[in-house]
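User: Got a model open here and I'd like to talk through how it's put together. Can you take my questions as they come?
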Amino acid sequence: MLEEMFEMPLEQLGFTLPSRRRSTAGSPTTSDSTVDARLPSEKAGVTGRPDKLPDDAGTRLRFAVLGPVRIWRGERARAALSPQEQALMCVLLLRQGRTATAEELVDAVWGETPPPEVIAGLRTYAFRLRRKLGPGVLVSEAGGYALRAGPKALDLEVCEERQAQAKHARAGGALSEARRLLCMALGLWDGQPLAGVPGPYAQAQRSRLEEWRLALLEARLELDLELGLHTEMVSELTALTAEHPLRERLRSMLMLALYRSGRQAEALGVYTDTRRLLADELGVDPDPELAQLHQRILHADPTLILQEHPSDVEAAHLSIPRPAQLPAGPADFTGRASAVNTLRARLLNAQGTVMAVFAVRGLGGVGKTALAVHVAHVVREHFPDGQLFVDLLGQSSRTADPTAVLGVFLRALGIPSSDLPEGLHERAALYRSTLANRRVLVVLDNAHDTRQVRPLLPGAPGCATLITSRTSMVGLDGVHLIDLDTMDPSEALALFTRIIGEERAATEPDSCREAVAACGYLPLAIRIAAARLASRPNWSVTMLTSRLADTQHRLQELRAGDLEVQTSFEFGYAQLEPAQARAFRLLALTYGPDISLAAAAATLDMDTRETEHLLEALVDTSLLNSTVPGRYRYHDLVRLYGRACADRDELKESRTAARSRLLDFYLASAAHAYAMGRPKDRLVDHLAPTHHLGQHFPDVGTALDWLFTEADCLLACAQQAAESSDKSAVCRAADLLLVTRDLAESGARSSQYVTAAQSVQKAAHIAGDTRAKSRAHLTLALLFPHAMGQEQADNEASLASDLATTIGDLTAACHASNMRGVIAIYQRRFEDAEGYFRDALHGFQTDGNLSGVASALCNLSRVRAATGHAESAIELATRGFNLWSSLGSVWRVGNARFALGIALHQAERHAEALHEFLEALAIFRDNRQRLWEGSTHARLAEVYLASDRPTEAAAHAEQALSMRSLGDKLRRGTILNLLGLALEKLGQIDRAHACWREALKMNLEKDQKEEIRARLQSREDA
């Protein structure tokens, strides 16, 4: 009790204790060593542990030194340590389990001026630490102390391990994995290492650790460059070079990142600034490596651009032992390096240990046979007793009989026909006996199922079997599965070029790329298209491409001799059950790149469990792909074939109904997502009715995930509805675009949104549907500023407003007025903007649309801020913020904070403005609003610059520029101007000038351009 009250051992309070009690008092004396006699003689650092450590001691204790010195037990932080306790912990932790003597600890904690009674003080701190750590962790031995904790208890040790793993991964060529490990290592750091810890030892270690962190960071940045992340890393490097101006490696990487991002002038400016800084500060020149890089950038050295080098494909060996049934390998076999190397390595590694079975599965025409034959030729010399090959006719109406195949194999292996048994099992047993102690490669091509394959498998460890099939062979024991996808674009182009000839391909490179894309990168289709072209010397590649561009007749074009893509698909389709065939046909009618299980169930008008059963059956036959659980995708040519089947086998009413069900599903689901993000927004109460309830979401995050996951499918569905003969579809399509407006506001998929909106608008005019026309015009206006100019957007919003007013569509009219106000702000027509916003505010209030009211209030705040009425602007933005907060809106609160930040900045309350913008930035980032995120970075740069914090201003300006969805050239020019001002304050004059010259190329206001020109001229005159 007294020890706890005074926080020191009883001996120091003047009490005399029996020896057994003194042994736990915490002093490094001989009596203490008896306690530790039970400890193992070998110490293993901080990760070492006693033979029997209590569960709540070492195994669950964690320590941190890569930031403030802290202790956790499990996930709970232990009591805070005093500065001297932190200093003592620092020494013991960094010795990683080795004992520190009392003298060493005194020198480390207090240096050359220890206080009186320092040993007693040391014991006191040790005693306090023991109480906080628990028994068996801080031990005393050999006149000193040591820490014993569980494995990986210290964050520094974990960081070292991840650094070592990253080095190993990089040495093995796994750059992405190495980068991931380094990011994990850097994620362990929490500010300054050993922050606030006193003492000379901590100061020395702090410098060492900070240097180590910089080295880790540089290693990760080097990987960023190698992985092509140059654009993304410019902002980070700009901030780092400002923080560490004399670190030339950082400057070198910044120059290279800028150059690879197409910013050569800025890259050269970095070198000029570096040379000036080194001369002024150190009186030296840049190191030769940096100077050489400057010359290479100056002369646009092409080797500075990141190059990709495909892996070499192993050459086939020439020895052909007997039996040698392999067909000739394709003379023009191209690409597939990863699959070839994987199969080759596994086939060779398995020799003599197990009977290896490999199954290559894929779509018809994807090149399974070509790959298998090629790999078989590559490894055949490692199977000196022969290679067997058979086409099992898996897609034929009469598949190969395993009994007959065994007869062929056994005769090839030297068994006379007269000695062949009749039954399947007897032949299979003889086959396995014949292959015993032999090394034979068996290639089973085009297998139908596992029942057909199983009797044909050898039993000998030295043999191997390579199977190709459109169906999965998961039923085979020990099988190694490889799913073969279509070629990547570069492989496809190389195959096409090899067939038509390099000279011919070189004259029309773009048309060649279009041709292989039209073939869906499917090797069979590419071979057929190239063969047709090769046999027609008078055709140009462009002529072939134009024929393939017609999707209605593309499959008919992909025929040459006995090769035909459609026939390859028909084999699989003919084997489907009626329900599977119906699903295959109807889902092929959709426009989206893929489809979710829920959307497919809606399209088929079935429950999800039954739908999943059908779709998985289609995946098993390779007519569908499913690379992500719950999502399904057609190959482009298979989709065309499926649509042809639907046109042939489904009534028009059935096709129309399926498309309508999908549109209803997407509209109802998107409306639910919209309502969760914008509580009390009445738009969802004024949508076209649907016959499907749609998908519901448990929370806003799930709804947002769904919206962005389904973005391409949603916009494709709207596009398809606009092209439909169903006149009722266009109104639902317009509403679908309105409730997915977050996709437009985020800057995501702008081009698809524009295309869909224009198609819906055109369809609405053809149908004469005024309501749909109004809403279609409104969707186009919502694309301002990132995908539509000011005048065009204002025209669209004006038309939407007029049409909506004509038919009494108050919801559309209010949103149109609100949008016209936003556009007017950009046009600096502030009086008009205020009028539009007040009209919108009145309409929203009349309709009871509280979310709309908050939006109008925040927009009015921006007008008042722009016209110098800062206090009024703050009051309006605060009202909008309070209203959105009370509604439980998530990312709309970010809009309110953004408006409030503008108003506070106008009032020169910069600290408060920074707080609002930083809060808004986090909200926009969490909700994937890249357009708003970029705008907020720009505003932060402006406020930091006004606060005389150029390093932060430059970093945020760089972040704003890196947002590719930033918007028009006016915004980009303004941000380049801000970046130049920040860089000038940082002393990076040449780079600042490069930014200003680039800004002059943008659509800036006339007075802004004159100001920049005057600034450049004054600097040059100086």
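User: What does β7 pair with, and in which sense, over at β11?
Analyst: This is a predicted model, to start with. In it, β7 and β11 (residues 479-483) run parallel and are paired over five bridges. One pair to look at is Phe-358, whose bridge partner in β11 is His-480.

User: And how many bridges join β7 to β10?
Analyst: Six, with the two strands parallel; β10 covers residues 464-469. Ala-356 sits opposite Ala-464 there.

User: Is β7 buried or exposed, then?
Analyst: Six of its six residues, 356-361, are buried, so β7 is largely enclosed by the rest of the structure.

User: Which residues are on each side of β7?
Analyst: Ala-356, Phe-358 and Val-360 are on one side, with Val-357, Ala-359 and Arg-361 on the other. Both faces are covered, and all of those residues are buried. As background, side chains in a regular strand alternate between the two faces of the sheet.

User: Switching to the core. Which residues have the most contacts inside the largest nonpolar one?
Analyst: Phe-496, Val-565 and Tyr-666, in a core of 219 residues. Leaving aside neighbours within four places in sequence, Phe-496 is in contact with several residues, including Cys-512, Val-516, Ile-526, Leu-533 and Leu-544. There's also a second, separate core of 76 residues, with Ala-126, Leu-194, Leu-256 and Leu-293 among them.

User: OK, sheets again. What's the strand order in the open one with β4?
Analyst: The order is β4-β6-β5, three strands with antiparallel pairing. The edge strands are β4 (100-101) and β5 (138-141), each pairing on one side only. Between β5 and β6 (residues 144-147) there are four antiparallel bridges, and Glu-141 has Gly-144 in β6 as its bridge partner.

User: Which helix packs on that sheet?
Analyst: Helix α6, residues 118-133, which touches β5 and β6. The direction of α6 makes about 140° with that of β5.

User: Last topic: how many disulfides?
Analyst: The count is zero.

User: Why is Cys-90 too far for a bond?
Analyst: The closest cysteine sulfur, in Cys-159, is 16 Å from the sulfur of Cys-90, and the cut-off for a disulfide is 2.5 Å. Cys-90 is also buried, at a relative accessible area of 0%.

User: What about Cys-814?
Analyst: Cys-814 is in no disulfide either. Its nearest cysteine sulfur belongs to Cys-858, 16 Å away. Cys-814 counts as buried, at 3% relative accessibility.

How values were computed: Residues are numbered from 1 along each chain as its sequence is written. This is a predicted model: local features need pLDDT of at least 70, side-chain atom pairs count only at pLDDT 80 or more; totals for chains, interfaces and linings use all residues. Side-chain values use heavy atoms; hydrogens and water are left out. A nonpolar core is a set of buried Ala, Val, Leu, Ile, Met, Phe, Trp, Tyr and Cys residues joined through side-chain atoms within 4.5 Å. Buried means under 20% relative accessible area, exposed over 50%, partly exposed in between (1.4 Å probe, protein chains only). Contact means heavy atoms within 4.5 Å. Two strands pair if DSSP finds at least two bridges between them. Axes are lines fitted to C-alpha atoms, for helices over the stretch in contact, and angles run from 0 to 180 degrees between N-to-C directions.
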